[in-house]
Amino acid sequence: MATKGNSGEMKTRSLVSIFLVVGLCCFFYVLGAWQRSGFGKGDKIASAITRQTDCSILPNLNYETHHGGDAVTGNGSDLAAKEFQPCDDKYVDYTPCQDQMRAMTFPRENMVYRERHCPPEEEKLHCLIPAPKGYVTPFSWPKSRDYVPYANAPYKSLTVEKAVQNWIQYEGNVFRFPGGGTQFPQGADTYINQLASMIPIDNGTVRTALDTGCGVASLGAYLFKKNVITMSFAPRDSHEAQVQFALERGVPAVIGVLGTIKMPFPSRAFDMAHCSRCLIPWGANDGMYMMEVDRVLRPGGYWVLSGPPINWKKNYQAWQRPREELEEEQRKIEEIAKLLFWEKKHEMNEIAVWRKRTNYDTFRQQEPKPTLCESRNPDEAWYKKMEACVTAYPETTKPDKVAGGEWQPFPQRLNAVPFRISSGSVPGVSVDTYQEDVRLWEKHVKAYKTVNNIIDSGRYRNIMDMNAGLGSFAAALESPKLWVMNVMPTIAEKDTLGVIYERGLIGIYHDWCEAFSTYPRTYDLIHANGIFSLYNNKCKAEDILLEMDRILRPEGTVIIRDQVNLLIKVKKIVGGMRWNTRMVDHEDGPLVSEKMLFAVKKYWVAGENSTTSLE
């Protein structure tokens, strides 16, 4: 029989539960009010959030974590959080590892000065990077492909420098991107249709592409129509803000250059690599750059080169370059392609297409034989020197087999078992482990949507997964409305980035003790699974969180999944970073020590000492 004391305790718990859930409803109402967007202040996310937060389902909800002691209170308040101050306004577009002033202290030979050069500990900024005055949330896709608010990247130099090439035009308070490029002034659609007549782009065979020297990434922007996802990169150089424009348009891109260091991608990653007047000296350094492209191309993959020196006999006068120089340039490229045993498939106008052979068998009869790389791990790329050698193919059992497995069209390959898994190439990851991971992340993402059901609504276009594992978070979200940059931490126990590419997704190697190769405010949503456990005692949580804040858009969202003791520390730090947070129990219940921290970055801009008031 219940005692009086027990009855009173139950009433108290009931009242506490009601207050907690009412508080949660209020939190989501305010969260919605923060989601400013569009071409002024609001994109009406507030009303959407208010509608989705049904306050009638009060009983038995419990969002108070049960492992945190007094460090986390029921109303989400923090204890004595250190307040981070805004950085000086001159840092609005600060890229720590591609800082222009620091770059000029390094040699120009082989583009060394355009590579990553991160600041030492004593030069790191410990402040919040402001958004420029007038900053607004970018347009939704696909409108963002064609229009970028001027205030978000107020740089007009490309509108003058590339005026006749149809890159970008300034129209009042927006930049317009007509879809042109140096090599495709008639538009990217026309150019891509030309490529599709030579390469199987239309049927899902080509899914992952690499665009070297991408400009404003119009090729990648328009390849989305073909369900091709493109990793575009370009240096931070005199073409100011080209990668920033790409990301503002909602197109995957990173700051990068082919210099002396390997590209931060695994071997056999891309179905197609592309260069359109990318100014990379392909014949230089004994063919090292073409050999690096060969490393990251899948067996059977395509390399597209358009512009000089292709078809130089017809075009040397228009290009205003000596015949002899162009002839020698093309001769070297053809010679290296032959050494790599690429097959030249097409040459049409100024476009040439080569195809990488499907297996190593053809190399056995080739003379002269190329120098094979000595490295046993062709995926090891982070800060590794590029070499003038050829990456060996995986072994095949029969001469007609494709090294690394047969290509599957997309989207079938998204959840098919990748060759790296079925062949046992990833220690500790079996077919069963992989399939269980797929199911687990479908469950996790479903749980995320109960807290924030606009995740796949189109509100978040550029999404980052900081610790991507097998890529199943991205696979569970797969939609034309969004894309995910899958990051493989260089200290991860298992390197599974190659698996991610085999699934038809894209990603990059990175060490989160350093800044990411992107501009500020380039991601709408950041997902961090176990990142603070992984980097515990490796580098400061504060530095990782400040970097997350730098690359997150105002009013962007963060989802951190980790052990509760670490999340309590994280929550305290971000309490001084102009983020609003809510700790949520694991979907399997409060007794699970893993929790989730949901956060929204407040809207504020340069010149403000505090966040803007709601209007």
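Guide: A strand is a DSSP run of E, at least two residues in length, and strands are numbered from the N terminus. The model discussed here is a predicted one.

Visitor: Which strand holds His 510?
Guide: One sheet has strand 13 as an edge strand, and this strand spans residues 506-510. His 510 lies in strand 13.

Visitor: Is His 510 buried or exposed?
Guide: Buried means under 20% relative accessible area. The relative accessible area of His 510 is 1%, so His 510 is buried.

Visitor: Which residues does His 510 contact, leaving aside its neighbours within four places in sequence?
Guide: Contact means heavy atoms within 4.5 Å. Among the partners of His 510 are Val 487, Met 488, Pro 489 and Thr 490. The others are Arg 116, Trp 382, Ala 515, Phe 516 and Tyr 535.

Visitor: How far apart in space are His 510 and Phe 265, C-alpha to C-alpha?
Guide: In sequence, His 510 and Phe 265 are 245 residues apart. In space, their C-alpha atoms are separated by 9.8 Å.

Visitor: In what order do the seven strands stand in the open sheet that has strand 13 at an edge?
Guide: The pairing in this sheet is mixed. Strand 13 and strand 16 (579-585) are the edge strands, each pairing on one side only. From one strand to the next, the twist averages 20°. The order is 13-12-11-14-15-17-16.

Visitor: Which residue in strand 12 stands opposite Ile 463?
Guide: Strand 11 (residues 462-465) pairs with strand 12 (residues 483-489) in the parallel sense, over four bridges. In strand 12, the residue opposite Ile 463 is Val 484.

Visitor: What angle does helix 18 make with strand 15?
Guide: Two helices can be considered here. Helix 13 (residues 431-451) packs on the sheet, touching strands 14, 15, 16 and 17, and its direction makes about 130° with that of strand 15. Helix 18 (residues 564-574) also packs on the sheet, where it touches strands 15, 16 and 17. The angle between the directions of helix 18 and strand 15 is about 155°.

Visitor: What is the phi of Arg 578?
Guide: Most residues other than glycine have a negative phi. Arg 578 lies in the loop between helix 18 and strand 16, and with a relative accessible area of 11% this residue is buried. Its phi is positive, near 65°.

Visitor: Where is Ala 217, another residue with a positive phi?
Guide: Ala 217 is not a glycine, yet its phi is about 65°. With 0% relative accessibility, Ala 217 counts as buried. Its place is the loop between strand 4 and helix 7.

Visitor: Which strands form the edges of the sheet with the order 6-5-4-7-8-10-9?
Guide: This open sheet has seven strands and mixed pairing. An edge strand pairs on one side only, and that holds for strand 6 (253-255) and strand 9 (343-348).

Visitor: Which residue is the bridge partner of Lys 344 in strand 10?
Guide: Strand 9 and strand 10 run antiparallel and are joined by five bridges. In strand 10, the partner of Lys 344 is Trp 354.

Visitor: Which strands does helix 9 touch?
Guide: Helix 9 covers residues 288-296 and packs on the sheet. Its direction makes about 135° with that of strand 8. The strands touched by helix 9 are strand 4, strand 7 and strand 8.

Visitor: Which element gives the largest share of the lining of the largest pocket?
Guide: The largest pocket holds about 870 Å³ of space. Elements that give two or more residues to its lining include strand 4, helix 7 and helix 11. The largest share is three residues, and they come from strand 7.

Visitor: How many residues in the lining of the largest pocket are charged?
Guide: The lining has 47 residues, and among those nearest the centre are Gly 213 and Arg 277. By class, 24 are nonpolar and 16 are polar. The charged residues number seven.

Visitor: What is the omega of the cis peptide bond between Phe 410 and Pro 411?
Guide: Most peptide bonds are trans. The bond from Trp 141 to Pro 142 is cis, with omega near 10°. Pro 411 lies in the loop between strand 10 and helix 12. The bond joining Phe 410 and Pro 411 is also cis, and its omega is about 15°.

Methods:
Residues are numbered from 1 along each chain as its sequence is written. This is a predicted model: local features need pLDDT of at least 70, side-chain atom pairs count only at pLDDT 80 or more; totals for chains, interfaces and linings use all residues. Side-chain values use heavy atoms; hydrogens and water are left out. On a 1 Å grid over the protein atoms alone, a cavity is a set of points where a 1.4 Å probe fits but cannot get out, and a pocket is an open set with protein on both sides within 12 Å along at least five of seven lines; lining residues have an atom within 4 Å of a point. Grid points are joined across faces, edges and corners, and a volume is the space filled by probe spheres set on the points. Ala, Val, Leu, Ile, Met, Phe, Trp, Tyr, Cys and Pro count as nonpolar, Asp, Glu, Lys and Arg as charged, and the others, Gly among them, as polar. Two strands pair if DSSP finds at least two bridges between them. Axes are lines fitted to C-alpha atoms, for helices over the stretch in contact, and angles run from 0 to 180 degrees between N-to-C directions. Buried means under 20% relative accessible area, exposed over 50%, partly exposed in between (1.4 Å probe, protein chains only).
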